[in-house]
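Colleague: I would like to learn how to read a model like this one. Please take me through it feature by feature.

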Amino acid sequence: MDFTKEKDDIFTSRNIISSDIVNTLSLAPPLSRYENQKRRDWNTFCQYLRNHHSLMSLPHCNSIHVLEFLRYLDQFGKTKVHNQTCPFFGVPDPPAPCVCPLRQAWGSLDALIGRLRAAYEEHGGNSEMNPFGARAVKIFLRDVRNFQSKSRGISYEKKRKRSRRDQKIMAMEEVHPIHEGLKQLSKWSNGRDDPDENNNNNVGSNLCGQANIINE
């Protein structure tokens with residue numbers, strides 16, 4: 001009888017613990033789209049290493065393996081990249097299809113490397129030894145960007161953002177005429193440089209000049 005009661009108590013306690021875990025998970029905030037994509041990218045890269053370099057551990061990963069992974073992804077690309085011998089090389093909107101291969105777009109690869117670089121450090125990787133931030137990877141991405149820009153006839157150049165100093169100068173230039181107008185109004189209110197008075201003086205001088213001309 002005691003054994004049965006003890007067994008029921010254990011079963012009840014397990015149910016309570018399980019319900020607490022479910023409640024905790026349900027209260028956790030949902031991951032953002034970026035975090036979900038970063039997790040998928042990291043799992044994909046780790047799966048690639050297991051399939052192609054099964055004897056290598058993640059800490060021994062370097063830029064060579066990262067470049068291999070990027071070239072491996074080209075087979076799943078959906079962006080037409082024209083060869084230099086293609087008649088549509090440099091044409092943004094080709095009028096007809098061609099046999100040039102499909103590749104991963106530079107923008108997709110650049111964003112992918114950014115997410116993997118962050119995921120590597122989140123999983124305990126050394127930021128100074130991060131293979132996704134290696135110089136060879138940066139050069140590879142730069143070459144891909146330059147070639148695809150020429151091949152597709154589009155520009156990847158970003159618009160230069162104005163610095164805070166430039167923004168302040170522009171704001172001062174916009175405010176300057178207002179200040180000048182306020183100064184002029186202050187002079188007029190103090191009886192100096194009255195525009196009506198100036199106009200009257202100008203009219204009077206013009207009339208005198210005309211009278212002199214007639215007398216002559």
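Colleague: What share of the residues in the protein is buried?

Modeller: This is a predicted model, and buried here means under 20% relative accessible area. By that cut-off, 21% of the 216 residues are buried. The accessible surface comes to about 16,800 Å², with 54% of that belonging to carbon and sulfur atoms.

Colleague: How many helices and strands does the protein have?

Modeller: Seven helices and two strands. Along the sequence they run α-α-α-β-β-α-α-α-α. Among contacts between residues at least 6 apart in sequence, 57% join residues at least 24 apart.

Colleague: Take one helix, α3. Which of its residues are buried?

Modeller: Helix α3 spans residues 63-73, and its buried residues are S63, H65, V66, L67, F69, L70 and L73. They pack against α2 (33-52), α4 (106-122) and α5. At the start of α3, N62 places a side-chain oxygen within 3.0 Å of the backbone nitrogen of I64.

Colleague: Now the largest pocket. Which residues line it?

Modeller: A pocket is an open set of grid points, whereas from a cavity the probe cannot get out. The largest pocket holds about 180 Å³ of space. Its lining consists of L70, D74, V81, N83, P101, R103, Q104, L109, F140, V144, F147 and Q148. L70 is thus named in this lining and is also among the buried residues of α3.

Colleague: Which helix gives the most to that lining, and what classes of residue does the lining have?

Modeller: Helix α5 (residues 135-152) gives the most, with four residues. By class, the lining has seven nonpolar, three polar and two charged residues.

How values were computed: Residues numbered from 1 in each chain as written. Predicted model: local features only at pLDDT ≥ 70, side-chain atom pairs only at ≥ 80, totals over all residues. Heavy atoms only, no water. 1 Å grid on protein atoms, 1.4 Å probe; cavity = no way out; pocket = protein on both sides within 12 Å on 5 of 7 lines; lining within 4 Å. Points joined across faces, edges and corners; volume = space filled by probe spheres on them. Nonpolar A, V, L, I, M, F, W, Y, C, P; charged D, E, K, R; others polar. Buried < 20%, exposed > 50% of the residue type's maximum accessible area, 1.4 Å probe, protein only. Contact = heavy atoms within 4.5 Å. Polar contact = N/O pair within 3.5 Å; in protein donor to acceptor, adjacent residues only side chain to side chain. Areas by Shrake-Rupley, 256 points an atom, 1.4 Å probe, with all protein chains shown as cover.
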